[in-house]
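Okay, thanks everyone, let's get going. I'll put the structure up and then walk you through it.

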Amino acid sequence: MLFGRWVALGVLGAMGLAAHAASVKKQPFGKTQAGKPVELYTLTNSKGVEAAITNYGGTLVSMKVPDRAGKMGDVVLGFASTEGYLKNTAYLGALIGRYGNRIGKAKFTLNGVEYKLPVNNGENTLHGGPNGFDKVLWTAKEVPGGLELTYLSKDGEEGFPGNLSVKVVYTLTDDNELKIDYSATTDKDTVVNLTNHAYFNLAGEGTGDILGHLVQIHADRFTPVDAGLIPTGELKPVAGTPFDFLKPHAIGARINDKDEQLKLGGGYDHNFVLNRKGAGLELAARVVEPKSGRVLEVLTTEPGIQFYSGNFLDGTLKGKAGKAYQKRYGFCLETQHFPDSPNKPAFASTTLKPGQRYHTTTIYKFSTEAAR
Ligand code: BGC
């Protein structure tokens, strides 16, 4: 009897979970350069919030969330089909790997061996090289409430050592959180730094610049860069600089200040050293778009976050609704280990060894707040 009751409760529990898990719908999304079919997977939660992800580059294509009046809007920049992504020079929405952000002078040394990487940004390697994880077709599998993407990056691919087996799971919760779980294992010592490169505009993609968004970043320090946007190695206090986002500031409020770091980045394009209490998920940043009332919170297990104010967007990319993405039409908050860590022994290590499991989690949580 008691046993029967437990079984019934278990079944109900499972049904309850199923009822709250986001639904997943799959549709064709075009073809790769090599003619392989690409799919778009749309996750929808019980509130009608939608996240659409394609297996091409593991890319977040759209994210539809309500404003304070309940009106839905697509808050990420993206394209209508795979064709746009084949020419995506700005990494819109993509999964980034094997090494997110820059590796200085396109090389690093591991266990006494120097590895040379392809150059694709000045004299440096950016976002895993010209054929990084943003340009590959991932294997997709629907899982409860989300999508699992896997990719085997072969030993030597884009110059990196070791066969790296990567798994990224996107989950959409009923609390309007898009959760991204990254994991990887290797068969040789290598370096790994995975992230997502979504550009957000909480007023709606293509509607204008993001300078009025209020940004708060829980970081007392940031990593200043040289002319090639490689960290100098210094952890510089944000106090008294335009990089102090401990209290919310509009992105545009100080972006044109006379500041050497802003000049080098052409705006904000810097890694912030997150104030962390432990190793778990902690709030890294909060962004408010005052007119729509939409709020984005970023929680992560990572030590750093790249705040990029879309300085290199120049109107050449046209988005899914046909609107040109002009300078600063989107901002990125890329959770990560610090740029160029493989060449900076003082930074937290990005080395992964056989037998270890790389695992990081980032949550993009959407909500609204009342008019100020
Ligand atoms: C980098 C920018 C770069 C952009 C490419 C960002 O992560 O920090 O410098 O231009 O990615 O879209």
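I'll start with the ligand and its surroundings, then move on to some loops.

One thing up front: this is a predicted model. So where does the ligand sit? In the largest pocket. And which residues surround the ligand? Going along the chain, you meet Ala 90, Tyr 91, Arg 102, His 127, His 197, Tyr 199, Leu 229, Asp 269, Gln 306, Tyr 308, Phe 312 and Glu 334. If you sort that shell by chemistry, you get six nonpolar residues, three polar ones and three charged ones.

Now, the polar side chains that reach oxygen atoms of the ligand. Asp 269 has a polar side-chain atom 2.4 Å from a ligand oxygen. For Tyr 199, the distance from a polar side-chain atom to an oxygen of the ligand is 2.9 Å. Gln 306 does this too, with a polar atom of its side chain 3.1 Å from a ligand oxygen. And how much of the ligand does the protein cover? On its own the ligand has 310 Å² of accessible area, and the protein covers 95% of that.

Let me stay with one residue from that shell, Tyr 91. You'll find Tyr 91 in the loop between α2, which is 82-86, and β6. Its backbone is worth a look: phi is positive, about 60°, although Tyr 91 is not a glycine. Is Tyr 91 buried or exposed? Its relative accessibility is 10%, and the cut-off for buried is under 20%, so Tyr 91 counts as buried.

Carry on along the chain and you come to the loop between β6 (95-96) and β7 (102-103), where Arg 98 is placed. What joins Gly 97 and Arg 98? A cis peptide bond, with omega at about 0°. Asn 101 is in the loop between β6 and β7 as well. Asn 101 also has a positive phi, about 70° here, and again this is not a glycine. With a relative accessibility of 2%, Asn 101 counts as buried.

Next, a couple of loops with polar contacts in them. Asp 134 is in the loop that runs between β10 (125-126) and β11 (139-143). Asp 134 has a relative accessible area of 5%, so this one is buried. What does its side chain pair with? The side chain of Lys 135, through a polar contact of 2.6 Å.

Then there's Thr 241, in the loop between β19 (236-237) and β20 (249-250). What lies 2.7 Å from a polar atom of the Thr 241 side chain? That would be the backbone oxygen of Val 238. Thr 241 comes out at 14% relative accessibility, and because the limit for buried is under 20%, it counts as buried.

Last stop, Pro 339. Look in the loop between β25 (332-336) and β26 (351-352) and you'll see it. Pro 339 has a relative accessibility of 3%, so it counts as buried. How far apart are Pro 339 and His 127? In sequence, 212 residues; in space, 9.8 Å from C-alpha to C-alpha. And His 127, remember, is one of the residues surrounding the ligand, so that brings us back to where we started.

Definitions and conventions: Residues numbered from 1 in each chain as written. Predicted model: local features only at pLDDT ≥ 70, side-chain atom pairs only at ≥ 80, totals over all residues. Heavy atoms only, no water. Near = heavy atom within 4 Å. Polar contact = N/O pair within 3.5 Å; in protein donor to acceptor, adjacent residues only side chain to side chain. Areas by Shrake-Rupley, 256 points an atom, 1.4 Å probe, with all protein chains shown as cover. 1 Å grid on protein atoms, 1.4 Å probe; cavity = no way out; pocket = protein on both sides within 12 Å on 5 of 7 lines; lining within 4 Å. Sits in = over half its atoms within 2 Å of the grid points. Nonpolar A, V, L, I, M, F, W, Y, C, P; charged D, E, K, R; others polar. Helix = DSSP H or I, 4+ residues; strand = E, 2+ residues; numbered from the N terminus. Buried < 20%, exposed > 50% of the residue type's maximum accessible area, 1.4 Å probe, protein only.
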